[in-house]
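Biologist: Please take one helix of this protein and go through it closely. I would like to know how it sits against the rest of the chain, and then how its surroundings are held by charged pairs.

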Amino acid sequence: MGQLRADAFDRFVASRWSALLHLARLLTGGDRYRAEDLLQEALVKLWFAWPKVAEQAPEAYVRKVLARAAARSARRRWWGEHPVDQLPDPPKVGDETAAVDERTRLEAMLALLPARQRAAVVLRYYQDLPELQVAEVLGCPVGTARSLTARGIARLRQLLAEAVEPVE
């Protein structure tokens, strides 16, 4: 019985790892290391709840744990680590990375949103969840989820408009 549980859990994690890590990364404002820690924490909780949620909606369970853990984590002032990023080489002329650059720019702007607004925007527009599910995941009324999403989108538009680089 225990081996079947472990096999089913392993299959779920293997099939959904990439998508869940990307969600965690968006929820943490692009910080890959915090996202990995967050996902690890969520998967540990899923392991213990696996017998209850395996046949229902394990991904919804993990999504809820991730969103709540990201909000909790964002309230902390210090995580004990300060990773330093090195700037990559500038893109070469003719390099087809415009889509990646735009996605990176959007992730950077998402990181500037408050944690609950970021979570609402990511759950609503990246995960394509209906407002009711966004509210359930965030643990708030539907009106609050709508408000968080609307404010987050408005702030993103403002940030993206301010960040437009002048043409040389």
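Modeller: On one side of helix α7, Arg151, Arg157, Ala161 and Glu162 are exposed. The model is a predicted one, and α7 covers residues 142-162. The other side of this helix holds residues of the opposite kind: Ala145, Leu148, Thr149, Gly152, Ile153, Leu156 and Leu159 are buried. Viewed down the helix axis, these buried residues fall within an arc of 130 degrees, so they line one face of α7. What does that face pack against? The buried residues of α7 pack against α4 (98-111), α5 (115-126) and α6 (131-138).

The length of α7 can be checked as well. With 21 residues at 1.5 Å a residue, α7 should span 30 Å, and its end C-alpha atoms are 30 Å apart, which agrees.

A charged pair also involves α7. Arg146 and Glu131 form a salt bridge, with 2.8 Å between the closest N and O atoms. This pair links distant parts of the chain, since Arg146 is in helix α7 and Glu131 is in helix α6, 15 residues apart. Arg146 has a relative accessible area of 45% and is therefore partly exposed. Glu131, at 29%, is partly exposed.

Elsewhere there are further pairs; the whole structure has 7 salt bridges. One of them joins the side chains of Arg16 and Glu59, at 2.8 Å from N to O. Arg16 belongs to helix α1 (residues 2-27) and Glu59 to helix α3 (residues 58-75), so this pair ties together parts 43 residues apart in sequence. Arg16 counts as partly exposed because its relative accessibility is 28%.

Arg32 and Glu36 form another salt bridge, with the closest N and O atoms 3.1 Å apart. Both residues lie in helix α2 (residues 32-53), 4 residues apart, about one turn of the helix. Arg32 is partly exposed at 42% relative accessibility, and Glu36 is partly exposed at 28%. In addition, Glu41, Lys45 and Arg72 are linked in a network of salt bridges.

As for the setting of α7, the protein chain has 7 helices and 0 strands. Of its 168 residues, 36% count as buried. Among contacts with a separation of 6 or more, 65% are between residues 24 or more positions apart. The accessible surface of the chain comes to about 11200 Å², and carbon and sulfur atoms contribute 55% of that surface.

How values were computed: Residues are numbered from 1 along each chain as its sequence is written. This is a predicted model: local features need pLDDT of at least 70, side-chain atom pairs count only at pLDDT 80 or more; totals for chains, interfaces and linings use all residues. Side-chain values use heavy atoms; hydrogens and water are left out. Helices (H or I, at least four residues) and strands (E, at least two) are DSSP runs, numbered from the N terminus. The expected span of a helix is 1.5 Å times one less than its number of residues. Buried means under 20% relative accessible area, exposed over 50%, partly exposed in between (1.4 Å probe, protein chains only). The arc is that of the directions from the helix axis to the C-beta atoms. Contact means heavy atoms within 4.5 Å. Accessible areas come from the Shrake-Rupley method with a 1.4 Å probe; for residues, only the protein chains shown count as cover. A salt bridge is a side-chain nitrogen of Lys or Arg within 4 Å of a carboxyl oxygen of Asp or Glu.
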